[in-house]
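Here is a short set of exercises to work through with the model open beside you. Try each task before you read its solution.

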Amino acid sequence: MAQSLELLLIQFLMPDNDARRQAEDQIKRLAKDPQVVPALIHHLRTAKTPNVRQLAAVLLRKKITGHWAKLSPQLKQLVKQSLIDSITMEHSPPVRKASANVVSIVAKYAVPSGEWPDLLPFLFQCSQSAQEDHREVALILFSSLTETVGSAFRPHFADLQALLLKCLQDETSNRVRVAALKAVGSCLEFTHDGDEVIKFREFIPSILNVARQCLASGEEDVAIIAFEIFDELIESPAPLLGDSVKSIVQFSLEVCSSQNLESNTRHQAIQILSWLAKYKSNTLKKHKLVIPILQVLCPLLAESTDESDDDDLAPDRAAAEVIDTMALNIPKHVYPPVFEFASVSSQNANPKFREASVTALGVISEGCLELMKSKLEPVLHIVLGALRDPEQMVRGAASFALGQFAEHLQPEIVSHYESVLPCILNSLEDGSDEVKEKSYYALAAFCENMGEEILPFLDPLMGRLLAALQNSSRNLQETCMSAIGSIASAAEQAFFPYAERVLELMKNFMVLTNDEDLRCRARATELVGIVAMSVGRMRMEPILPPYIEAAISGFGLEFSELREYTHGFFSNVAEILEDSFVQYLPHVVPLAFSSCNLDDGSAVDIDEGDDEIANGFGGVSSDDEAHDEPRVRNISVRTGVLD
């Protein structure tokens, strides 16, 4: 077999696709025989070209699992010895790494059964070799073995930690330091014992050094491993960080404020600050790190990002999330520096900073609500000033902030209606659709808790909103209806003069059937129910039948949001009609039951096995019959429809 296999391996590496396919088919056939193992071992050690040796190792990794139990003790010994020889004597790094991958597969079977007692001593010896290649490959193996036979390391854990720390500080080889960093990451994932985890605390300075060197040499993907390690340490219930939290924060701040780094790398750094804010906020207070963090993160809100950037990784968005988390966890420490940033930045000549000033205030309004409620005047002064800014992005951010205030700073914010409502009224006329949309949102949230204070503003507000309903894009119409709903709830009976016009317009929306229009139809259905509640049974009962008919027919469109708002509509109508609603029960109750049985919020999550495709060796190295079915985890989620 050895000779014919060698020719097939060479043929498989040819550029000719047909020759390659023929070789692949024949290799698959030969690979069903356990004798393929010694044949591949032979080529791994003796083939003239590194490509063939590497392909032999890749195939061996795929095939050894099915054949290991059938091999004689002598053959098993040959496999183990040849792999160790390949790791220590092979000149080609890709072949060495491919052999190391085979070792981790063989170890999975041979170590627990006691068939490979010399493996760990060999690795410890190899990791202290004078040769850089040996040290590196030993660490790569420690990484992969932790995943498969981590329990075998248990008795040697202290030795392994000491070794990893020494390799992290290796003065002569960056490759060894990087491999050690990866091995620390693997070890940490496997370690759950509190005492063992605490020992990793002394690794932090060395991890930071390696990460800094990697960033300097452009190896950002390796530096990200450091953040993954810090992530594990932060989430651990053990008190792992100690004083080193200062240096972790310092490093994270350096990375997230470096505009020359990839957005993913910066995002990982910001994520660390987010975890610290979430899990270790007292530690941040104790070490006086809150202000230094905010002094870096608040200006990030002003950073321009390319439109091509994935929004979730954009530094300004990620920074806003951390500031929000900090405000929720340590509001007293967050409010003063953020307010100071907002005050100073609101006067900045650069519009991005004026935008950041009001964004920051909007972002902290949920966490710092008590402090902001007691200091609303100066905060509103900044935001209402920004609503009149010449730059659209500043006005948009101001209307967003105002919407946040209206949502979180109730009921105190309502007492400022005399200064706030005229500003919102003005924004409804803005030249920018984005500013208009955010202003409708602010108006809807603001009016929700108002009562008769709204009456003097009813006419101008409804004039603008009714005009907008007829001349705007679907997006704007949707938020506009939401604002009208809030106004109707606040005005109650006083809304009657506008009800007829609104209901007439809603008829047009409640018959829309195109997918892109269904959110509008949902909002319109909701709004009819709200208007009905405001003006009462006597005025509504005679005109309701066509609306109820439209609402029932909407169920046939199978659009989740429309179902959700239609149930709300029926609930409101039942409340005002009381016993007159009985006539609709035969239609409405079955619809409610059908929604209870919907699997509307289920998410199917498929785990794909990551088949190693090494240098295009993927096809030949995977058995058709050995492919595992992907694991499907069905996760059911509560939905608005069900509620």
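Helix axes here are lines fitted to C-alpha atoms over the stretch in contact, and their angles run from 0 to 180 degrees between N-to-C directions. The model is a predicted one: local features need pLDDT of at least 70, side-chain atom pairs count only at pLDDT 80 or more, and totals for chains, interfaces and linings use all residues. Residues are numbered from 1 along each chain as its sequence is written, and side-chain values use heavy atoms, with hydrogens and water left out.

**Exercise 1.** Work out how α12 and α14 are arranged, and which residues meet.

*Solution.* Start with the names: helices are DSSP runs of H or I with at least four residues, numbered from the N terminus. The axes of α12 (residues 204–216) and α14 cross at roughly 15 degrees and come within 11 Å. Angles under 35 degrees count as roughly parallel, and α12 and α14 are therefore roughly parallel to each other. Next, the hand: the crossing of α12 and α14 is left-handed, a term for a near helix turned anticlockwise from the far one by less than a right angle. Finally, look for contacts, meaning heavy atoms within 4.5 Å. On the α12 side you'll find I204, L208, A211, R212 and L215, and they meet S247, I248, F251, E254 and V255 in α14.

**Exercise 2.** Do the same for α15 and α18.

*Solution.* The axes of α15 (residues 263–279) and α18 (residues 315–329) come within 9 Å, crossing at roughly 5 degrees. That is why α15 and α18 are roughly parallel to each other. The contact involves, among others, R266, H267 and I270 of α15, and P315, A318 and A319 of α18.

**Exercise 3.** Go hunting for aromatic pairs: how many does the structure hold?

*Solution.* First, the rule: rings of Phe, Tyr and Trp (its six-membered ring) pair if their centres lie within 6.5 Å, and planes under 30 degrees apart count as stacked, over 60 as edge-to-face and the rest as tilted. The structure holds 8 such pairs. Take F227 and F251: their ring centres are 5.3 Å apart and their planes are at 20 degrees, so the pair is stacked. F227 belongs to α13 (residues 220–235) and F251 to α14 (residues 245–256), so this pair ties together parts 24 residues apart in sequence. F227 counts as buried (under 20% relative accessible area, with a 1.4 Å probe and protein chains only), at 1% relative accessibility. F251 is buried as well, at 1%.

Now try Y335 and F339: with centres 5.8 Å apart and planes at 20 degrees, the pair is stacked. Y335 and F339 are 4 residues apart in α19 (residues 331–345), about one helical turn. Y335, at 4% relative accessibility, counts as buried.

**Exercise 4.** Check some backbone details: where do K288, E578 and P411 lie?

*Solution.* K288 is in the loop between α16 (281–286) and α17 (290–300). K288 isn't a glycine, but its phi is positive, about 55 degrees. K288 is exposed (over 50% relative accessible area), at 68%.

E578 is in the loop between α32 (560–577) and α33 (585–596). Phi of E578 is positive too, near 50 degrees, and E578 is exposed at 54%.

P411 sits in the loop between α23 (392–408) and α24 (417–427). A cis peptide bond joins Q410 to P411, with omega about -5 degrees.

Notes: Helix = DSSP H or I, 4+ residues; strand = E, 2+ residues; numbered from the N terminus. Parallel < 35°, antiparallel > 145°, perpendicular 65-115°, else oblique.
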